[in-house]
Amino acid sequence: MDNNISNLDELLEAYGFDKKPVSVDKITDGHINSTYVFDFGGEKYLFQHLNTNVFRRPVELMNNIVGITDFLRKIIAAKGGNPDRECLTVLPAKDGKPYYISQGGEFWRSFTYISGAHTIQTVKNAADFRAAAEAFGNFQRQLAGYPAESLAETIPNFHNTVSRLADFKKAVSDNISGRVENCKAEIDFILARESDCSVLTDMIERNELPLRVTHNDTKLNNVMFDNDTGKAICVVDLDTVMPGLSLYDFGDSIRFGASTAAEDEKDLDKVNFSMEYFRAYTEGYLSTAGKALTENEIKYLPFSAKLMTLECGMRFLGDYINGDTYFGISYPEHNLVRARTQLKLVSEMEKYMPEMEKAVAEIRAELGI
Ligand code: GN1
Ligand code: MG
């Protein structure tokens, strides 16, 4: 039993449970929120303590999620699917609200638990990654008709790499933790790529890329896979669903999944970019979402992978320099280790750029897009 939840009884009462869970297990996949599985002896629920330092408008965020999941459930049901397994289901508190604010001011929410399913932390075979691509491609296609203007921006400028770079530079110049000395080479690596940061934002300004409803956090571990069929059934972690670029979702998936090692692997020799996984994901994604994409959205796929990886690297390094105030860490150098894997991947992607472009062209020809 994880006894991190000091207000367990209060939560149970707020959600109308009259018995205690037989077990409470913490899920450690995410870097932001604290997630627990409450098992009531068969019936399971997910409880999450939302990090309100990161998500500063939690009520609007939950309204987004209720709106999105209601919308998706109808589409899934109309197609003969099972909305309870293929979509997150918010469990309302006793008072009907999709969240509960505890007496101590903690923001909690609950979802029904999708049983018989698992997440994957590191890609072991191309087929799983292709399946994740199909799930994210479908997700994007299903949300194409969602009224984007009704969505609150849960984190402004989330993938605006220009503003991410400005934050990073500020972290370096403030140097509040005194850690800049430990990562001079990494800082220089990022600053040498300044011109990459504005490529997509400039295109948005010139109306060369369409804004869509996107997920914005398409890590492989934000997809659930069915234990029996191995199929990717449900896209989770909907906190950052906002208007964005399809390229953010594609690029972030490649960043995390087309690596041969975990995001926090310390041995950089093990961290390599996998062309095989890149190809598998691109095939899955273009086969589901491809026909709806514009020419620029396809052309910039390889670049988006590099940009999202660079952006994530600068976020990890910036947080390390700021003294670890954003991402959860398990040891003092954790964010530095994470940043190094991302920068290693960026340099590999730069080498593989022509091959990635060739692969996209071949896949387009195969699919007739
Ligand atoms: C965070 O919450 P989680 O672990 O799925 C972060 C993403 C990063 C990712 C890096 C709201 O995602 O943007 O890409 O860590 N989410 C937020 O692993 O900042
Ligand atoms: Mg997550």
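Me: Happy to look at this predicted model with you. How many residues of domain 1 are in contact with how many residues of domain 2?
Reply: The protein chain is assigned a domain 1 at 8–114 and a domain 2 at 126–367. Counting the residues in contact on each side gives 26 for domain 1 and 29 for domain 2.

Me: Thanks! How far apart are the C-alpha centres of domain 1 and domain 2?
Reply: Take domain 1 as 8–114 and domain 2 as 126–367. The distance between their C-alpha centres is 26 Å.

Me: What area is buried between the two domains, and which residues of domain 1 lose the most area to domain 2?
Reply: The area buried between domain 1 and domain 2 is about 2,300 Å², and carbon and sulfur atoms give 63% of that. On the side of domain 1, three residues that lose the most area together make up 27% of what that side buries. They are His-31, Asn-64 and Ile-68.

Me: Let's turn to polar links. How many salt bridges and how many residue pairs in polar contact are there between domain 1 and domain 2?
Reply: The salt bridges between domain 1 and domain 2 come to two. For polar contact across the interface, with both residues at pLDDT 80 or more, the number of residue pairs is seven.

Me: Which element gives the most residues to the side of domain 1 that touches domain 2?
Reply: Two elements give two or more residues to that side, namely α2 (58–78) and α3 (83–86). With 11 residues, the one that gives the most is α2.

Me: What is the distance between the closest N and O atoms in the salt bridge of Asp-226 with Arg-85?
Reply: Asp-226 and Arg-85 form a salt bridge. Their closest N and O atoms are separated by 2.7 Å.

Me: Now the metal. Which residues coordinate the magnesium ion (ligand 2)?
Reply: The coordinating atoms are an OD1 and an OD, at 2.2 to 2.3 Å from the magnesium ion. They belong to Asn-222 and Asp-237.

Me: Why does the pair of Asn-222 and Asp-237 tie together separate parts of the chain, and how many residues apart are these in sequence?
Reply: Asn-222 sits in the loop between β8 (212–214) and β9 (223–226), while Asp-237 sits in the loop between β10 (232–235) and β11 (242–244). Because the two residues belong to these two loops, the pair ties together parts whose separation in sequence is 15 residues.

Me: Is Asn-222 buried or exposed, and what is the relative accessible area of Asp-237?
Reply: Asn-222 has 6% relative accessibility, so it counts as buried. Asp-237 is partly exposed, and its relative accessible area is 26%.

Me: Here's one on the backbone. What phi does Asn-216 have, and what phi does Asp-324 have?
Reply: Asn-216 is in the loop between β8 and β9, and it is buried at a relative accessible area of 4%. Asp-324 is in the loop between α11 (301–321) and α12 (334–367), and it is buried at 18%. Neither residue is a glycine, yet both have a positive phi. The values are about 75 degrees for Asn-216 and about 60 degrees for Asp-324.

Me: How many salt bridges does a search of the whole structure find, and how many residues apart in sequence are the parts tied by Glu-13 and Lys-94?
Reply: The search of the whole structure finds 22 salt bridges, and one of them joins Glu-13 to Lys-94 with closest N and O atoms 3.0 Å apart. Glu-13 lies in helix α1 (residues 8–14) and Lys-94 in the loop between β4 (90–91) and β5 (100–101), so the parts they tie together have a separation in sequence of 81 residues.

Me: Are Asp-196 and Lys-306 buried or exposed?
Reply: These two form a salt bridge, with closest N and O atoms 2.8 Å apart. Asp-196 lies in the loop between α6 (184–191) and α7 (199–205), and Lys-306 in helix α11, so the pair ties together parts 110 residues apart in sequence. Both residues are buried.

Me: How many residues apart in sequence are the parts tied together by Arg-279 and Glu-362?
Reply: The side chains of Arg-279 and Glu-362 meet in a salt bridge of 2.4 Å, N to O. Arg-279 belongs to helix α9 (residues 275–289) and Glu-362 to helix α12, so the separation in sequence of the parts they tie is 83 residues.

Me: Last one: which residues do salt bridges that share partners join into one network?
Reply: The salt bridges in question share partners, and through them the residues form one network. Its members are Arg-193, Asp-196, Lys-306 and Glu-350.

Methods:
Residues are numbered from 1 along each chain as its sequence is written. Chains are lettered from A and ligands numbered from 1 in the order in which they are written. This is a predicted model: local features need pLDDT of at least 70, side-chain atom pairs count only at pLDDT 80 or more; totals for chains, interfaces and linings use all residues. Side-chain values use heavy atoms; hydrogens and water are left out. Donors are N, O and S atoms within 2.8 Å of the metal (3.2 Å for Na, K and Ca); water is not among the atoms, so sites may look incomplete. Helices (H or I, at least four residues) and strands (E, at least two) are DSSP runs, numbered from the N terminus. Buried means under 20% relative accessible area, exposed over 50%, partly exposed in between (1.4 Å probe, protein chains only). Domain bounds come from an automatic or database domain assignment. Contact means heavy atoms within 4.5 Å. Buried area is the accessible area (1.4 Å probe) that two parts lose on being put together, summed over both. A salt bridge is a side-chain nitrogen of Lys or Arg within 4 Å of a carboxyl oxygen of Asp or Glu. A polar contact is a pair of N or O atoms within 3.5 Å; within protein, one must be able to donate a hydrogen and the other to accept it, and residues adjacent in sequence count only if both atoms are side-chain atoms.
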